[in-house]
Amino acid sequence: MKNRESQKKHRSLAGILLAALLWVVAIAAVSLVILIAIWKSAISPADKKENAISMQIDIPEGMTVKETAALLEEKKLIRSSRALYLAARFNLFNRDKAFELKSGSYTVSSSMKLEEIYMLLQSGNQIYISVVIPEGLTASKIGLILESKEVCPAADFKEACRNPELIARYSIPGESLEGYLFPDTYFFTPKMKAEDAVTKLVENFFTKIKSVEGLEDKNPEELYKILTLASIVEREYRIKDEAPLIASVFTNRLKHNIGLYSCATVEYVITEILNRPHPERITYKDLKIDSPYNTYIWAGLTPGPISNPGLVALDAACNPAKTNYYYFVLTDPERGAHTFSSNFDQHKAAETINYSSKD
């Protein structure tokens, strides 16, 4: 009798436990379904394609995943910042590779799935701005180009070019990186740090000069002098084959302590030091401006580069033609061709005939 009652109690207890277990399983199943639904909603696009918005998102160095996720949610580009954070924290979209947030600028659309944004942020496929930097520009003019392309403010770029730490990093004797900003086609990211943009140009300079015979082996002081000469040659030549001849004129003058008489240096004084508009022509009054950069009143090289030269001018300054020329005058303004002379009488004759000079 007792055994029968005991068995009955056990069956009753087992029934209660089974029922409780079924309830737990049911609740867990319902909870799982709810969680899956919530997760699917969280990782789905914030908007349908027809209502989607796209915008540039800037991820600076040092920005955390949590901060990035919060920014994307704030801009209504994702549904849940927590979902993106968890996905990155536990590598939910790529179990074989740890999530690595890469700084830069990205175009993100609210029609993108969370997984697409997750992959984008670690792809490094950033927005790039193509910028052409022509030969012969000054740092301030390069800064204006970068500002117009929304790379960085011109004032910040100009200031970065005078950053003592950057100047010391490259063992540059002067007080500016003028001359070391190599003209080329670059790919920048929007709103990048001016120091990073400057570094990109300077690093390219030291890479490119390896192709110029005799230039790479120069010490910093020698390189600075050649670069200063090249910056003047750059502003004077228009025909490639004449660059070594123009360099020879300046080299011959330097050997005999004769003023270079370069109008390009006077233009530099007017536009970069006096901050006046570029003159239509150089006047006799301009030639008398008292500045160490005015090669009409001071012999020798200018204190530093007056432009950022390309490889043609750099090669010409490093390897000038061997001539006995001391003068040159523009003879064909349309082509930019010059006549070169060994003495002043020849020079004056050519100048008189052609009505246009470039000493």
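## Helix 6 and its position

Helices in this account are DSSP runs of H or I that span at least four residues, numbered from the N terminus, and the model they are read from is a predicted one. A154 is placed in helix 6, and because buried means under 20% relative accessible area, A154 counts as buried at 13% relative accessibility. Although A154 and A194 are 40 residues apart along the chain, their C-alpha atoms are separated by 8.5 Å.

## A negative surface patch

E61, E147, D156, E159, E195 and D196 form a negative patch on the surface. Two or more residues of the negative patch come from each of helix 6 (154-160) and helix 8 (194-208). Another member of the patch, E147, has its place in helix 5 (residues 139-148) and is partly exposed, its relative accessible area being 41%.

## Salt bridges

The count of salt bridges comes to six. One of them joins the side chains of K141 and E272, with an N to O distance of 3.1 Å, and it links distant parts of the chain, since K141 belongs to helix 5 and E272 to helix 11 (residues 263-273), 131 residues apart. The two partners differ in burial: K141 is partly exposed at 34% relative accessibility, whereas E272 is buried, with a relative accessible area of 14%.

A salt bridge is also formed by the side chains of K208 and D184, at 2.5 Å from N to O. K208 lies in helix 8 and D184 in the loop between helix 7 (164-169) and strand 4 (185-188), so this pair ties together parts that are 24 residues apart in sequence. K208 is partly exposed, with a relative accessible area of 27%, and D184 likewise counts as partly exposed, at 24% relative accessibility. In the salt bridge between D332 and R335, the closest N and O atoms are 3.6 Å apart; here D332 is partly exposed, with a relative accessible area of 24%, while R335 counts as exposed at 53% relative accessibility.

## Aromatic contacts

A search of the whole structure finds 14 aromatic pairs. Among them is the edge-to-face pair of F93 and Y118, with 5.0 Å from centre to centre and 75 degrees between the planes. Because F93 lies in the loop between helix 3 (81-89) and strand 2 (104-109), and Y118 in helix 4 (residues 114-121), the pair ties together parts that are 25 residues apart in sequence. Both F93 and Y118 are buried.

Elsewhere in the aromatic set, Y170, Y180, F205, F206 and Y224 form one cluster.

Definitions and conventions:
Residues are numbered from 1 along each chain as its sequence is written. This is a predicted model: local features need pLDDT of at least 70, side-chain atom pairs count only at pLDDT 80 or more; totals for chains, interfaces and linings use all residues. Side-chain values use heavy atoms; hydrogens and water are left out. Patches are made of residues with over 30% relative accessible area and no salt bridge: like charges are joined within 9 Å, nonpolar side chains (Val, Leu, Ile, Met, Phe, Trp, Tyr) within 5 Å. Accessible areas come from the Shrake-Rupley method with a 1.4 Å probe; for residues, only the protein chains shown count as cover. A salt bridge is a side-chain nitrogen of Lys or Arg within 4 Å of a carboxyl oxygen of Asp or Glu. Lys and Arg count as positive and Asp and Glu as negative; His and the chain ends are not counted. The place of a charge is taken as NZ of Lys, CZ of Arg, CG of Asp or CD of Glu. Buried means under 20% relative accessible area, exposed over 50%, partly exposed in between (1.4 Å probe, protein chains only). Rings of Phe, Tyr and Trp (its six-membered ring) pair if their centres lie within 6.5 Å; planes under 30 degrees apart count as stacked, over 60 as edge-to-face and the rest as tilted.
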